[in-house]
Amino acid sequence: IDDGPPEWAEIQAGPLQAGAAEALLDLPVGLPLAAYTGRSGFFGASSPDGRDSHYTVNFIPSTGVQTRVPIKVIWMQAGDQHAAVVKIDLGYAFDGLVNAFEVALTEATGVDMHSRVFLLTSHSHASYGDFSQAHFLYLGHDRYNREVFERIVTQVTEVTLEAQAAAEPAAIGVGIDPDFDPDDAIFRARRSEHYGLVDAYGVEVADGYK
């Protein structure tokens, strides 16, 4: 039976406010690094100095920190609508993390944050792993570790609350630089196996394709 289109709740309008905050992700040395299967023992990898770590199952444990992983959050609200944009330099996102952020922020703010948290990652190949329960990614980040997962959730929640507290009148703008990266130094189609394919706009993938 078709009851027609759903009835959407009325949205209360209001001026946009936004706040930002950032911190460095604090996780221990010894965690496996993600998005690089060459660190897995299944492919013959071994620790360069023989160390072991209870944070790893079949991956090489990390041996130090060169650069801490940043957490950056933008909090936005307008009327009765709220949103949090979370950026972490991880190898990939995990929907379980997003769900946990939503629950934690709903409890901490008293605002319903379900479907209002957006997690962005940089696809780093040198960042922390074992925060994801996605089994098909175990070869990319080792086995899931609940402690690591919960520490990320706690720290992101704290940074988000700081961003909320810093909210002030704001405006949103969008800009595009068509001449960005003219020498293909930052990103391009780097796998020649893709050359000759055609994208959704009818453009053929070739050297220098973005």
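Q: In which hand does α1 pass α3 in their crossing?
A: In this predicted model, helix α1 covers residues 95-109 and helix α3 covers residues 146-165. The two helices pack against each other, with their axes 9 Å apart. The crossing in which α1 passes α3 is right-handed.

Q: Is α1 roughly parallel, roughly perpendicular or oblique to α3?
A: The angle between the packed helices α1 and α3 is about 50 degrees. Angles under 35 degrees count as roughly parallel, and those from 65 to 115 as roughly perpendicular. The angle of about 50 degrees lies in neither range, so α1 is, with respect to α3, oblique.

Q: How many nonpolar, polar and charged residues does the contact of α1 with α3 have?
A: On the α1 side, the contact is made by Gly96, Leu97, Ala100, Phe101, Ala104, Leu105, Ala108 and Thr109. On the α3 side, the residues are Phe149, Ile152, Val153, Val156, Thr157, Thr160, Leu161 and Gln164. In this grouping Gly counts as polar, which applies to Gly96. Sorted by class, the contact has 11 nonpolar, 5 polar and no charged residues.

Q: What pattern of helices and strands does the protein follow along the sequence?
A: The protein has 3 helices and 5 strands. Strand β4 takes up residues 117-121, helix α2 residues 138-141, and strand β5 residues 168-169. Read along the sequence, the pattern is β-β-β-α-β-α-α-β.

Q: What share of contacts between residues at least 6 apart in sequence joins residues at least 24 apart?
A: The C-alpha trace of the protein spans about 60 × 45 × 45 Å along its principal axes. Of the 210 residues, 35% are buried. Among contacts between residues at least 6 apart in sequence, the share that joins residues at least 24 apart is 70%.

Q: Which residue forms a salt bridge with Glu150?
A: Side chains of opposite charge can pair when their charged atoms come close. A search of the whole structure finds 4 salt bridges. In the one formed by Glu150, the closest N and O atoms are 2.8 Å apart. Glu150 and its partner both lie in helix α3, 4 residues apart, about one turn of the helix, and that partner is Arg146.

Q: Which of Glu150 and Arg146 is exposed, and which is partly exposed?
A: A relative accessible area over 50% counts as exposed, and under 20% as buried. Glu150 has 37%, between the two cut-offs, so Glu150 is partly exposed. Arg146 has 54%, so the exposed residue is Arg146.

Q: How far apart are the closest N and O atoms in the salt bridge of Arg151 with Glu147?
A: Arg151 and Glu147 both lie in helix α3, 4 residues apart, about one turn of the helix. Arg151 is partly exposed at 29% relative accessible area, and Glu147 is partly exposed at 32%. The closest N and O atoms of this salt bridge are apart by 3.2 Å.

Q: Which residue does the side chain of Arg51 meet in a salt bridge?
A: Arg51 counts as partly exposed, at 34% relative accessibility. Its partner is partly exposed as well, with a relative accessible area of 46%. The bridge is 3.0 Å from N to O, and the partner of Arg51 is Asp49.

Q: Is Asp142, in the loop between α2 and α3, buried or exposed?
A: Most residues other than glycine have a negative phi. Asp142 has a positive phi, near 75 degrees. Its relative accessible area is 3%, and under 20% counts as buried, so Asp142 is buried.

Q: What is the phi of Ser115?
A: Ser115 lies in the loop between α1 and β4. At 64% relative accessibility, Ser115 counts as exposed. Although Ser115 is not a glycine, its phi is positive, at about 65 degrees.

Q: How far apart in space are Asp183 and Gly208, C-alpha to C-alpha?
A: Asp183 is found in the segment after β5. Asp183 is exposed, with a relative accessible area of 67%. In sequence, Asp183 and Gly208 are 25 residues apart, while in space their C-alpha atoms are apart by 8.4 Å.

Q: Which residues is Ile186 in contact with, leaving aside its neighbours within four places in sequence?
A: Ile186 is in the segment after β5. With a relative accessible area of 58%, Ile186 is exposed. Leaving aside those neighbours, the contacts of Ile186 are Phe180 and Asp181.

Note on methods:
Residues are numbered from 1 along each chain as its sequence is written. This is a predicted model: local features need pLDDT of at least 70, side-chain atom pairs count only at pLDDT 80 or more; totals for chains, interfaces and linings use all residues. Side-chain values use heavy atoms; hydrogens and water are left out. Axes are lines fitted to C-alpha atoms, for helices over the stretch in contact, and angles run from 0 to 180 degrees between N-to-C directions. Angles under 35 degrees count as roughly parallel, over 145 as roughly antiparallel, 65 to 115 as roughly perpendicular and the rest as oblique. A crossing is left-handed if the near helix is turned anticlockwise from the far one by less than a right angle, and right-handed if clockwise. Contact means heavy atoms within 4.5 Å. Buried means under 20% relative accessible area, exposed over 50%, partly exposed in between (1.4 Å probe, protein chains only).
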